Amino acid sequence: MKKQVLICLMLGLALMLSACQSSQDALTTPNPSGQPSGAPSSGLTTTPTPTLESTVMPTSTAMPTSTPAAPSDAPLAISPTPAATQTPGFVPPFHFEYPDAVRGIYVTGWSAGGERMSKLLSLVDNTDLNAMVIDIKDDDGYITFKPEGKLAEFGQPYIKDPKALLKTLEEHKIYPIARIVVFKDTVMAKKRSDLSFIDGSSIWRNSNGDSFINPFLKETWDHNVEVAKLAVELGFKEIQFDYVRFPEGFESRDNVLKYAMGDYKDKKPTKFVQEEKDYAEASKKYQEDLASLELKLADASNAYNSEKSEANKKVMDDAQKNVSDLKKGAPRAPDFSDKARMTQLRVDAVSDFVAYAKDQLKPYGVDVSVDIFGYSATLPEAPGIGQNFNRIASSVDVISSMIYPSHWSNGYFGISKPDKEPYNLVAEYMKAEKAKFAQLQSPPQSRPWIQDFTASWLGAGNYIKYGKAEVDAQIKALHDAGVQEYLIWNANNNYSEGVTYIP
């Protein structure tokens, strides 16, 4: 009997040990999908790929002049975007190949979700065009489809079925670029005046009635990055940020408007740090050189006083001239005034946003591009609006300068009426851009925006009607400068027929 009891106890113990080992094996067995749920990648963790559900509605073929009422359709369901410190383990829902060279057109959310899209698809299918830049966050600040979650309040159903849109682009082999208007954002400014600029007791608006959100505040950065992630999760292969700047003329109102500075309140501008270093080094060298030359002058003066010969006088005069010439070139202390500080902080805020957005999107493996004023490439920087061409270009994969001939003042590049000379204007701009690129170790892809619209607002004698010939001229100028990629802008998406897209 005792022996039987002993045997039963031993069997029970063996079964318990076996169960524990099975439990441990279950904890250590790899995920059968091949992607461990908690496996780090470059120090980052993974999250599930988001799911998409969508619906469709017909829209107008033209850009709205006022905001339409949002219908009560079910919103697009998108799972939460991964945190900045996570890698999504992201598998794109659609497959797109980068074309031989991007040749694209601008498409509004209304056109992308409406009847005009069939005409635009036909244009691309039957020409050498191969890409579309589609509004995902538009000039008002609306997301052009209806997402779920915290961004739902910003959505409008211009594109009722974004998943179907991306599927269509995939079928037509059209490279998809998501345009996101960043700091020009009337919608957010109205909802959150603390993220905008206050003029007296109301939100500041420019002459067109548009409001901006504040580039100094990281919350405005994150809002746009979250929209960018939604676009990537839909399947867009590239994120293009537009209006990455302060409002035009902001430098003349920065002391009048009320706004927060965020982390930039007590920050020393990046340029100041470098200028302090350069000034200290230059001053040290200057003092050393001056001491050496003054010693030589003293020796030459003593020699001349001892023997007043022509030869000694020449040596003394030469030594005096060397001292005088050096003093004329003495290092000048940089301008560290409050005005200069605020100017450079604007440059820092804009440049820092671009670098931040690029870093946040890196785990998705998409390209990042930025639209920038063409004249920014012709200046050391455009500090009024915070754009420094080289600092922005060094943080992106593609730089798209807006080089529309209509947007240059008369006489720029020595061209009397730039809008009337599209080839010459583009050719001259490319010289300036190439000079900027030469200063960068790894310059980005150049993909300028060119003009397919008539700038009648310039007034009689200052513009010409744009069509095939004028678009051809711009493309030819880019080609002659060695640039094969470009984007064509027409706000209403009415593009000239018969254009020679590859010269």
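A charge sits over a ring if NZ of Lys or CZ of Arg is within 6 Å of the ring centre and within 35 degrees of the ring normal. The model is predicted, with local features requiring pLDDT (the predictor's confidence in each residue, from 0 to 100) of at least 70, side-chain atom pairs counting only at pLDDT 80 or more, and totals for chains, interfaces and linings using all residues. Residues are numbered from 1 along each chain as its sequence is written, and side-chain values use heavy atoms, leaving out hydrogens and water.

**Exercise 1.** Find the lysines placed over the rings of F154 and Y304.

Solution.
- Over the face of F154 lies K191, 5.7 Å from the ring centre.
- For Y304, the charged end of K308 is 5.6 Å from the centre of the ring.

**Exercise 2.** Describe the packing of helix α7 with helix α9.

Solution.
- Helices are DSSP runs of H or I, at least four residues, numbered from the N terminus; here α7 covers residues 270-306 and α9 residues 338-361.
- The angle is about 115° and the axes are 8 Å apart, where axes are lines fitted to C-alpha atoms over the stretch in contact and angles run from 0 to 180 degrees between N-to-C directions.
- Contact (heavy atoms within 4.5 Å) involves T270, K271 and F272 of α7 with A340, R341, Q344 and D348 of α9.

**Exercise 3.** State how confident the prediction is along the chain.

Solution.
- The chain averages a pLDDT of 86, and 83% of the residues score at least 70.
- Residues 1-86 have pLDDT below 50, yet this stretch has 109 contacts in the model beyond near neighbours in sequence.
- Where pLDDT is low, predicted coordinates should not be read in detail.

How values were computed: Helices (H or I, at least four residues) and strands (E, at least two) are DSSP runs, numbered from the N terminus.
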